[in-house]
Amino acid sequence: MKKLLSVFLVAGMLLAMVACGGAPASSGTASGSAAASGSGGSAEPSGKLVIYSSNSDTQVASSLTNGFMVKYPNIEVELQSMGTGDVLARIEAEKENPQADINWGAINYNFYHQHPDLWEPYISPNEENLDENYRNNTDGNVSYSNLSGSGCFILNNTLLEELGVEVNGYADLLQPELKGKIAMGDPTASSSAFAELTNMLLVMGDEPYDEKAWEFVGQFVEQLDGSILSSSSQIYKATADGEYAVGVSYEDPCVGLLEDGATNLKVVYPEEGAVWLPAGVAIVKGCKNEENAKKFVDFLISQEGQECYARS
């Protein structure tokens, strides 16, 4: 597999390592004081932090449960997990009375530019340690916390064997046997689906985003046979459950299924090329816990936070 983009997010990552062990991630409301024991006291940051996130369980465990909540045990963290479209819709609906402090991972750039009033400008002092291509130096609203896992396919081996086809790249998705049997998300609602669309346009033409690439996208949409899923998680879960033969997804949750013991699945990186895209975090305008929100952004792009993420 050739990777079209391979960069380090943070310079100097080979410095002294920081331990990031801890309990596995949990869903719903989680108390930072329950995540780890540590020295409390009035000098320790406290209060609450509400996070809306589309991130996978692995990302949550590495950066939040085993990272931020260990560093700040007196901050009560409430995590609400949902798809990108749901995160953005809720933040917009709640703009007169924000219920979230942080949008973590649900980054849709068109939405951001169309709704600049929903985000609190903040540039972390840790930005200067990032690669210059990933610094928050444009509008100050989005900090890039990591490079999102490469686009990939999750294959249901049982169904593909029944269909008598193999899938190694995007071109293989146009096989007639696969019509209506491919799980793909809505790029306007799912950040991973938007990344996959971007990847197709980069690698399926003679030049990035040329007419040939768009022609492929049109043929691919026809292969979906009217079935477009609304969230990233539906894609890999439905493929694992046998509803689809191929899921056009991203690396982290798909590899997680294999690590959890799935034997009928296979992860394949498109042979035409796979791109890594920046994932981000933003503070909600008018949020109730702005200082804790800033601490969360600072942590994600700190050396300590990056080392936690790297161990996921």
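How many helices and strands does the secondary structure of the protein chain come to?

**Figure 1. Overview of the predicted model of the protein chain.** The secondary structure comes to 11 helices and 11 strands, and 51% of the 312 residues count as buried. Among contacts with a separation of 6 or more, 77% are between residues 24 or more positions apart. The chain exposes about 14,300 Å², of which carbon and sulfur atoms supply 48%.

**Figure 2. Close-up of helix H3, residues 84–93.** The buried residues of this helix are Thr84, Val87, Leu88 and Ile91. Viewed down the axis of H3, these buried residues fall within an arc of 90 degrees, so they line one face of the helix.

**Figure 3. Close-up of the aromatic pair formed by Phe68 and Phe296.** A search of the whole structure finds 7 aromatic pairs, and one of them is the edge-to-face pair of Phe68 and Phe296, with 5.2 Å centre to centre and 85 degrees between the planes. Because Phe68 lies in helix H2 (residues 57–71) and Phe296 in helix H10 (residues 290–300), the pair ties together parts that are 228 residues apart in sequence. Both Phe68 and Phe296 are buried.

**Figure 4. Close-up of the aromatic pair formed by Trp104 and Phe296.** This pair is likewise edge-to-face, at 5.2 Å centre to centre and with 85 degrees between the planes. It links distant parts of the chain, since Trp104 lies in strand S4 (residues 102–104) and Phe296 in helix H10, 192 residues apart. Trp104 is buried with a relative accessible area of 3%, and Phe296 is buried with a relative accessible area of 0%.

**Figure 5. Close-up of an aromatic cluster.** Ring pairs link Phe68, Tyr72, Trp104, Phe296 and Phe299 into this cluster.

Definitions and conventions:
Residues numbered from 1 in each chain as written. Predicted model: local features only at pLDDT ≥ 70, side-chain atom pairs only at ≥ 80, totals over all residues. Heavy atoms only, no water. Helix = DSSP H or I, 4+ residues; strand = E, 2+ residues; numbered from the N terminus. Buried < 20%, exposed > 50% of the residue type's maximum accessible area, 1.4 Å probe, protein only. Contact = heavy atoms within 4.5 Å. Areas by Shrake-Rupley, 256 points an atom, 1.4 Å probe, with all protein chains shown as cover. Arc of directions from axis to C-beta. Phe/Tyr/Trp six-rings, centres within 6.5 Å; stacked < 30°, edge-to-face > 60°.
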